[in-house]
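Colleague: I am new to this structure and would love a close look at a single part of it. Could you walk me through it slowly?

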Amino acid sequence: MLTVDFDRLRVGRRTRFIDVGAGAGRHSYEALRRGADVTAFDMDEVELKGVDDMFGAMAEVGEVPPGGTARVTVGTILDMPYDDGEFDVVLASEILEHVPEIEQAVAELVRITAPGGTLAVTVPRWLPERICWALSDEYHANEGGHIRIFKADELQAMVEAHGLTTTHRHHAHALHSPYWWIKCAVGVDRDQHPLVRAYHRLLVWDMMKAPAATRLAERALDPVIGKSVALYFTKPF
């Protein structure tokens, strides 16, 4: 389940790609399948171990084209161990809502983006996120939880203040918003609640089968209730 458009990112063979806040690695895997030089970067050493294992498994079954390479690095977004302009594509997906030092984090993302390169940032969209917060304190008031709700225009202006140019914006994962509203309404830890289980089965079915009907429905609903907003920027030469 990808939140960003990899064709818009222009990720291809030997693209220097970093997935900041890689988590379970979904975007890193797609970049590697396209033959990029991938760095999966995250604070969670345990989760990155699983990502590294998957990189190896992908190579073993022939999913990595010639030129594709990958590695994992443990670290913090506030002080990344890379040179200025080291990456052609920098992705930070669903991470900035967790970071108190937002200005420092954005500055680091911009710093490691190469001149002429692309920075893509995704965060929870304001309206669906605001509904989650209204329904449940437990959803966000926990260690490592969401500490802010972004308005896309404000985040865009923050990145542009560092000299980057916005090239595109879109929303994603509209079908996931009702799932989280249900969880917030019944209790975020109640995964066995009948409504939660039923909707989860729907999402799994949709991801596995990718039927045209739900693709069309999500495309229509994304501008209204898309769970995430994705912003794309270019760094000038």
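What covers the buried residues of helix α7?

Modeller: Happy to help! Please keep in mind that this is a predicted model, where local features need pLDDT of at least 70 and side-chain atom pairs count only at pLDDT 80 or more, while totals for chains, interfaces and linings use all residues. Residues are numbered from 1 along each chain as its sequence is written, and side-chain values use heavy atoms, with hydrogens and water left out.

The cover over the buried residues of α7 includes α5 (126-135), α8 (194-209) and α9 (212-225); contact here means heavy atoms within 4.5 Å. The helix names come from DSSP runs numbered from the N terminus: helices are H or I runs of at least four residues, and strands are E runs of at least two.

Now to α7 itself, which spans residues 176-186. Its buried residues are His176, Ser177, Tyr179, Lys183, Cys184 and Val186. Buried means under 20% relative accessible area, exposed means over 50%, and partly exposed lies in between, using a 1.4 Å probe and protein chains only. As background, an α-helix has 3.6 residues a turn, so residues three or four places apart point the same way.

Two neighbours in this helix deserve a pause. Tyr179 counts as buried because its relative accessibility is 11%, whereas Trp180, at 30%, is partly exposed. Searching the whole structure gives seven aromatic pairs. The Tyr179 and Trp180 rings have centres 5.6 Å apart and planes at 80°, which means that this pair is edge-to-face. For such pairs, rings of Phe, Tyr and Trp (its six-membered ring) must have centres within 6.5 Å; planes under 30 degrees apart count as stacked, over 60 as edge-to-face and the rest as tilted. These two residues also belong to a cluster, in which ring pairs link them with Tyr139 and Tyr199.

α5 starts with another ring worth finding: Trp126 has Lys151 lying over its face, 5.8 Å from the ring centre. A charge sits over a ring if NZ of Lys or CZ of Arg is within 6 Å of the ring centre and within 35 degrees of the ring normal. Elsewhere, Arg8 lies over the face of Tyr232, at 5.9 Å from the ring centre.

To finish at the end of α7, look at the residue that follows the helix: Gly187 has a positive phi, near 120°.
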